[in-house]
Amino acid sequence: MSWHPQYRSSKFRHVYGKAAGKDKCYDCVPITHSVHDNQFCAVNPHFIAVVTECAGGGAFLVIPIHQTGKLDPHYPRICGHKGNVLDIKWNPFNDFVIASCSEDATVKIWDIPKHLLTRNITSPKKELLGHARRVGLIEWHPTAENILFSSGYDYKIMIWNIDTREAILSNPVKILDAHKDVILSMSFNTDGSLLATACRDRKIRVIEPRAGTVLQEANYKSHRVNKVLFLGNMKKLFSTGTSRWNNRQIALWDQNDLSVPLLEEDLDGSSGLLFPFYDSDTNMLYLVGKGDGNIRYYEISPEKPYLNYLTEYHSHLPQKGIGMMPKRGLEVSACEIFRFYKLIPTKSLIEPISMIVPRRSESYQEDIYPLTTGAQPALTAQEWLNGINKGPLLVSLRPGSGAVNSLPQYLESGSVLKTTDHHRGWGGKTAPEEMQKKTEIQDSRKQLEVGEKLPKKEQTHLSNGFDIFECPPPKTENELLQMFYRQQEEIRRLREVVNQRDVQVKQLELEIRNLHMGTGRY
């Protein structure tokens, strides 16, 4: 019998949840009343999207992340679906593209303008027609660009390549028909080579999506699964569901052997669905219950006891859905390691909740911010379809640092990635990222080559992630607007530096005055 110390060393033992103030919440948001078991919210560093209640058809709102406070009741919506919207997901490699699926059996891809919406958007960029019944889930591939998975009530998972010119697609590149009932959950492993699904037939399946073969299947009867999640590179699966006695239950599985769970634990007797969220950078797992007010969080370890309970965030307001900010949108100066956006329909409110590691130092804490997934794809759609697997490209969250990639051959193309610390707290302005186009990549490569030839004294330095060699002069109105936001952020940062210097000067003057008074007595 192996011995485990009673007290386990952890950097995240004292992580606490902090709700944003009223002025930093999103108020008067008509949150959907749908009973579908989904999150109804999607977030990226620029926008928050929320499924809303509307009469006739389905709609969702896209609100700029800095536009907090009361929402105009006539705020424009994205309303092109003929049935209720069931799921929305932002493109991980383009913060201005979002996918939605609906009861009308369609999946639609939308372009969100960089400026504020002035009227409803009714025409999608692309429309995917293939499912015979309503579409309940969509997931973007984590490393390949323009690959989208959709799951419908026709028991099929369809793989779409939207890197085409056609506006209407009716032929998916692959159809997975290994399920005998409705798919409740989909999750990718780190490089997107495997797909885990939870089905209403109470089975967990691990599928190789390009071949369509089921590699593992769980027939464990004591755990009725609802949601399943890959735990990063640990080769483990985590699932939430119910036990035989209808208690809410969690289970941990070896992805290569789903016969018996490694760990099984009953939580409580509530009926709300549990949504799991995993942070592979900190190995922390969060459990958010639908209808609950609390958020439990754990730390995952590769060895027994695997699951280490930390604590939970308490609130008296129940959540209907939840959104999660990607790591590149967090506020690293406040030691924020995770951020939720909690949907509270009883108050028509969206409340941000930050998970914070308490640290006294205000400097960048490198030990809690390792290299994390960036906004640059590792593969094209065709490369992934041809059988190539690559892990995500990684970037540093250090303010003012350039993009750091996981593969050497991507160092040049990584130059178009900007620093991720553009977020100015809750109510501040967010500088929109430029669209990553091939022409911009080529321009940035040429400019970097010119910069390398210049003497060291003539090379410009990165300032808050902005460098003249990375960013050519603006040519359009949108590019000019982006440049303006960047300059505003730089001005704000410089003002903070000046204020800090003023405080230091006053402290030194006070010390000198005290010193003179002390010597004058003698």
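Trainee: Where is the place of Ser315?

Mentor: In this predicted model, Ser315 lies in the loop between β28 and β29.

Trainee: Why does Ser315 count as partly exposed?

Mentor: The relative accessibility of Ser315 is 22%. Buried requires under 20% and exposed requires over 50%. The value for Ser315 falls in between, and Ser315 therefore counts as partly exposed. As to its surroundings, Ser315 and Ile295 are 20 residues apart in sequence, with 8.6 Å between their C-alpha atoms.

Trainee: What makes the pair of Phe149 and Phe188 edge-to-face?

Mentor: A pair of aromatic rings is described by the distance of the centres and the angle of the planes. By this rule, the count comes to 14 aromatic pairs. For Phe149 and Phe188, the centres are 4.8 Å apart and the planes stand at 85 degrees. Centres within 6.5 Å make a pair, and planes over 60 degrees apart make it edge-to-face. Both conditions are met, and the pair is therefore called edge-to-face.

Trainee: Which strands hold Phe149 and Phe188, and how many residues apart are they?

Mentor: Phe149 belongs to strand β13 (residues 147-152) and Phe188 to strand β17 (residues 183-188). With these positions 39 residues apart, the pair links distant parts of the chain.

Trainee: Are Phe149 and Phe188 buried or exposed?

Mentor: Phe149 has a relative accessible area of 0%, and Phe188 has 11% relative accessibility. The limit for buried is under 20%. Phe149 is therefore buried, and so is Phe188.

Trainee: Why is the pair of Tyr286 and Tyr297 called tilted?

Mentor: The ring centres of Tyr286 and Tyr297 lie 5.8 Å apart, with the planes at 40 degrees. Stacked requires under 30 degrees and edge-to-face requires over 60. An angle of 40 degrees meets neither condition, so the pair of Tyr286 and Tyr297 is tilted. This pair also links distant parts of the chain: Tyr286 is in strand β26 (residues 284-289), Tyr297 is in strand β27 (residues 295-300), and they are 11 residues apart.

Trainee: How do you know that Tyr286 and Tyr297 are buried?

Mentor: The relative accessible area of Tyr286 is 0%, and the relative accessibility of Tyr297 is 1%. Set against the limit of under 20%, these values make Tyr286 buried and Tyr297 buried. Ring pairs further link Tyr286 and Tyr297 into a cluster with Phe277, Phe338 and Phe340.

Trainee: What makes Arg134 a charge over the ring of Tyr153?

Mentor: The charged end of Arg134 is 4.2 Å from the centre of the Tyr153 ring, and the distance limit is within 6 Å. Lys114 likewise lies over the face of Phe96, at 5.7 Å from the ring centre.

Trainee: Why is Glu299 called buried?

Mentor: Glu299, found in strand β27, has a relative accessible area of 11%. The limit is under 20%, so Glu299 is buried. Glu299 and Tyr309 are 10 residues apart in sequence and 6.5 Å apart from C-alpha to C-alpha.

Trainee: Which peptide bond is cis?

Mentor: The bond from Lys304 to Pro305 is cis, with omega near 10 degrees. Pro305 is in the loop between β27 and β28 (307-313).

Trainee: What is the phi of Tyr155, and what is that of Cys335?

Mentor: Phi is near 70 degrees for Tyr155 and near 60 degrees for Cys335. Each is a positive value in a residue other than glycine. Tyr155 is in the loop between β13 and β14 (157-161), and Cys335 is in the loop between β29 (321-324) and β30 (336-344). At 31% relative accessibility, between the limits of 20% and 50%, Tyr155 counts as partly exposed. Cys335, at 3%, counts as buried.

Trainee: How many disulfides does a search of the whole structure find?

Mentor: The search finds 0 disulfides. Among the cysteines, Cys25 is buried at 2% and Cys101 is buried at 0%.

Trainee: How many polar and how many charged residues are in the lining of the second largest cavity?

Mentor: The lining has 4 polar and no charged residues, together with 6 nonpolar ones. Among the lining residues are Phe93, Thr143, Gly374 and Leu393. This cavity holds about 30 Å³ of space.

Conventions
Residues numbered from 1 in each chain as written. Predicted model: local features only at pLDDT ≥ 70, side-chain atom pairs only at ≥ 80, totals over all residues. Heavy atoms only, no water. Disulfide = S-S within 2.5 Å. Buried < 20%, exposed > 50% of the residue type's maximum accessible area, 1.4 Å probe, protein only. 1 Å grid on protein atoms, 1.4 Å probe; cavity = no way out; pocket = protein on both sides within 12 Å on 5 of 7 lines; lining within 4 Å. Points joined across faces, edges and corners; volume = space filled by probe spheres on them. Nonpolar A, V, L, I, M, F, W, Y, C, P; charged D, E, K, R; others polar. Phe/Tyr/Trp six-rings, centres within 6.5 Å; stacked < 30°, edge-to-face > 60°. Helix = DSSP H or I, 4+ residues; strand = E, 2+ residues; numbered from the N terminus. Lys NZ or Arg CZ within 6 Å of the ring centre and 35° of its normal.
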